[in-house]
Amino acid sequence: MESMRTKCFQANTCHRVAVKPFEFSDGHTARVGDAVEFNQHAVLSDAVTYPNPKEFDPGRFLNKGRSVVDTGIGWPFWGVPRMLCPGRWQVANVTKLVAVYLLANFECRVEDTRGMNFEWRDALVPNAKTVLLMQARQKE
Ligand code: HEM
């Protein structure tokens with residue numbers, strides 16, 4: 001979860017375009033054709049919820065009753081109600097299986113951890129030039 005929080009691949013989520021004039025409860029308006037997005041980067045790096053938000057703290061979510069498949073305004077990674085991602089359990093399970101398989105079978109090291117991602121529009125994109133060194137673990 002801390003990786004998702006600190007390296008969220010989309011700064012904005014819930015991308016919408018107004019098909020008719022819309023007024024939000026706080027008075028903000030959207031004209032036809034206006035794009036409206038939710039700034040999840042701001043939520044995920046809010047210092048009130050996440051003290052030292054820029055720091056990667058692997059234990060930040062431990063024993064907090066939180067889960068990668070959480071939803072809601074505080075964890076909008078999977079979208080917002082009415083269009084929540086139904087694939088999130090599969091993503092969570094497959095990601096864990098792949099991670100366990102790799103860690104169990106290979107010694108892994110990233111050759112150079114600098115510049116592993118770059119920003120493009122609202123996206124954080126993995127750098128294809130990053131080299132992951134892998135050596136098969138000796139079987140007993
Ligand atoms: C890291 C991987 C994934 C991420 C971050 C992700 C994220 C999202 C988000 C943010 C939405 C809401 C879009 C919106 O409101 O405009 C969404 C919708 C959806 N996702 Fe995913 N998703 C992922 C993988 C998957 C997978 C693996 C599946 C299928 C096996 C899936 C199926 C869907 C479907 C069908 C919707 C539309 C739901 C609806 O219209 O009610 N997603 N996803």
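## Close-up views of a predicted model

Only a small part of this chain is covered: buried residues make up 4% of the 140 residues in the protein. The model is predicted, and its mean pLDDT is 95, with 100% of the residues reaching 70 or more.

**View 1. The whole chain, as a frame for the close-ups.** Let's start with the overall build, which comes to three helices and eight strands. Read from the N terminus, the elements follow the order α-β-β-β-β-α-α-β-β-β-β. The radius of gyration of the protein is 19 Å, whereas a compact globule of 140 residues would have a value near 14 Å. Along the principal axes, the C-alpha atoms fill a box of roughly 65 × 35 × 30 Å. Among the elements, strand E1 has the lowest mean pLDDT, at 94, and strand E3 (residues 29-30) has the highest, at 98.

**View 2. The shell around the ligand.** Here we move in on the residues around the ligand, which are Thr 13, Cys 14, His 15, Trp 78, Gly 79, Val 80, Met 83, Cys 85, Pro 86, Gly 87, Gln 90 and Val 91. Two elements give two or more residues to this shell: strand E1 (12-17) and helix H3 (88-105). The largest share, three residues, comes from E1. By character, the shell divides into seven nonpolar and five polar residues, with no charged ones.

**View 3. Cys 14, a ligand neighbour with a positive phi.** Staying with the shell, this view picks out Cys 14, one of the residues around the ligand. Cys 14 lies in strand E1, and its phi is near 55°, a positive value in a residue other than glycine. Is Cys 14 buried or exposed? The answer falls in between: Cys 14 counts as partly exposed because it has 14 C-beta neighbours inside 10 Å, while a buried residue would need 20 or more and an exposed one 12 or fewer.

**View 4. Helix H3 from end to end.** H3 is one of the elements that give two or more residues to the shell around the ligand, and it is worth following along its length. At 1.5 Å a residue, the 18 residues of H3 should span 26 Å, and the end C-alpha atoms are indeed 26 Å apart, so the two values agree. How many of its 18 residues are buried? The count is zero, and H3 is hardly covered. A handy reminder when looking at side chains here: an α-helix has 3.6 residues a turn, so residues three or four places apart point the same way.

**View 5. Strands E5 and E8 side by side.** Strand E5 covers residues 106-110 and is hardly covered by the rest of the model, with a count of zero buried residues among its five. E5 pairs with strand E8 (residues 132-136) in the antiparallel sense, over five bridges. To find your place in this pairing, look for Val 110, which stands opposite Leu 132 in E8.

**View 6. Lys 139, beyond the last strand.** Lys 139 sits in the segment after E8. With 5 C-beta neighbours inside 10 Å, Lys 139 counts as exposed. Its C-alpha atom is 8.6 Å from that of Asn 105, although the two residues are 34 apart in sequence.

**View 7. Arg 121, a loop residue with a positive phi.** Arg 121 lies in the loop between strand E6 (117-120) and strand E7 (123-126). Its phi is positive, about 50°, although Arg 121 is not a glycine. Arg 121 is exposed, because its count of other C-beta atoms within 10 Å is 8.

**View 8. Two residues of the loop between H2 and H3.** Our last stop follows Ala 47 and Phe 56 in turn. Ala 47 lies in the loop between helix H2 (40-44) and H3, and it is exposed, with 9 other C-beta atoms within 10 Å. Between the C-alpha atoms of Ala 47 and Pro 126 there is a separation of 25 Å, and the two residues are 79 apart along the chain. Phe 56 also lies in the loop between H2 and H3. With 11 C-beta neighbours inside 10 Å, Phe 56 counts as exposed. The C-alpha atom of Phe 56 is 6.8 Å from that of Thr 6, 50 residues away along the chain.

Notes
Residues numbered from 1 in each chain as written. Predicted model: local features only at pLDDT ≥ 70, side-chain atom pairs only at ≥ 80, totals over all residues. Near = placed C-beta within 6 Å. Helix = DSSP H or I, 4+ residues; strand = E, 2+ residues; numbered from the N terminus. Nonpolar A, V, L, I, M, F, W, Y, C, P; charged D, E, K, R; others polar. Expected span 1.5 Å × (residues − 1). Pairing = 2+ DSSP bridges. pLDDT = per-residue confidence, 0-100. Rg over C-alpha atoms; globule rule 2.2 N^0.38 Å.
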